[in-house]
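Biologist: Please pick a single part of this model and take me through it up close. After that, work outwards until I can see how it sits in the whole chain.

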Amino acid sequence: MSWLWAIIVGLVLGLIARAILPGKQNIPLWLTAVFGILGSILGNAVAAWIGVDDTKGIDWMRHLLQLIGAVAVVGVGDMVWQSIRGNRSNKQRT
């Protein structure tokens with residue numbers, strides 16, 4: 001069940017990150033979920049590193065760090081995806 005929860009949270013965080021980032025991201029939905037999951041993991045690691053990963057009540061700081069991680073990963077991942085897709089398009093034209 002934790003994998004299903006990770007996929008759902010990753011998809012939601014990825015979609016929110018895409019909405020926050022300026023411009024259009026041309027990554028598929030499945031990759032948005034993967035990037036959201038990776039951003040969530042990154043945010044959890046930072047939260048644990050600074051000691052705010054487990055607090056009483058709702059862990060707002062951890063969730064904020066997860067979102068920041070998702071925005072960073074989606075932003076960088078979109079640039080990498082575009083460069084890979086651009087290279088494939090150029091190879092097919094020649």
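**Around A70 and the core**

Modeller: Let's start at A70: setting aside neighbours within four places in sequence, A70 is in contact with L13, A17, G36 and G39 (contact meaning heavy atoms within 4.5 Å). Before going on, a word on the ground rules: this is a predicted model, so local features need pLDDT of at least 70 and side-chain atom pairs count only at pLDDT 80 or more, while totals for chains, interfaces and linings use all residues. Residues are numbered from 1 along each chain as its sequence is written, and side-chain values use heavy atoms, with hydrogens and water left out.

Take G39 from that list. G39 belongs to helix α2; helices here are DSSP runs of H or I with at least four residues, strands are runs of E with at least two, and both are numbered from the N terminus. G39 is buried, with a relative accessible area of 0% (buried is under 20%, exposed over 50%, partly exposed in between, using a 1.4 Å probe and protein chains only). Beyond four places in sequence, G39 touches Q66, G69, A70 and V73. From G39 to A6, 33 residues away in sequence, the C-alpha distance is 11 Å.

A70 also sits in the largest nonpolar core, whose 11 residues are L13, A17, L21, I27, L31, F35, L67, A70, V73, V74 and W81. By nonpolar core I mean a set of buried Ala, Val, Leu, Ile, Met, Phe, Trp, Tyr and Cys residues joined through side-chain atoms within 4.5 Å. Each of α1 (2-20), α2 (29-50) and α3 (60-93) gives this core at least two residues, and α3 supplies the largest share, 5 residues.

Two core members lead us to other spots. I27 is one of the contacts of T32, along with G10, G14, L15 and R18, again not counting residues up to four places away. T32 is part of helix α2 and counts as buried because its relative accessible area is 0%. I27 turns up again beside D78, which touches K24, Q25, N26, I27 and F35, with the same sequence neighbours skipped. D78 is in helix α3, and here's the odd bit: D78 is buried yet has no salt bridge, the nearest side chain of opposite charge being R18, 7.1 Å away. A salt bridge would take a side-chain nitrogen of Lys or Arg within 4 Å of a carboxyl oxygen of Asp or Glu.

For contrast, look at V34, also placed in helix α2. V34 counts as partly exposed because its relative accessibility is 35%. The C-alpha atoms of V34 and S83 are 18 Å apart, with their positions 49 residues apart along the chain.

Now zoom out. The chain has 3 helices and 0 strands, in the order α-α-α, and its C-alpha trace spans about 60 × 25 × 20 Å along the principal axes. Of its 94 residues, 30% are buried. Among contacts between residues at least 6 apart in sequence, 62% join residues at least 24 apart. As for the outside, the chain exposes about 6500 Å², 70% of it from carbon and sulfur atoms.

Definitions and conventions
Accessible areas come from the Shrake-Rupley method with a 1.4 Å probe; for residues, only the protein chains shown count as cover. Lys and Arg count as positive and Asp and Glu as negative; His and the chain ends are not counted.
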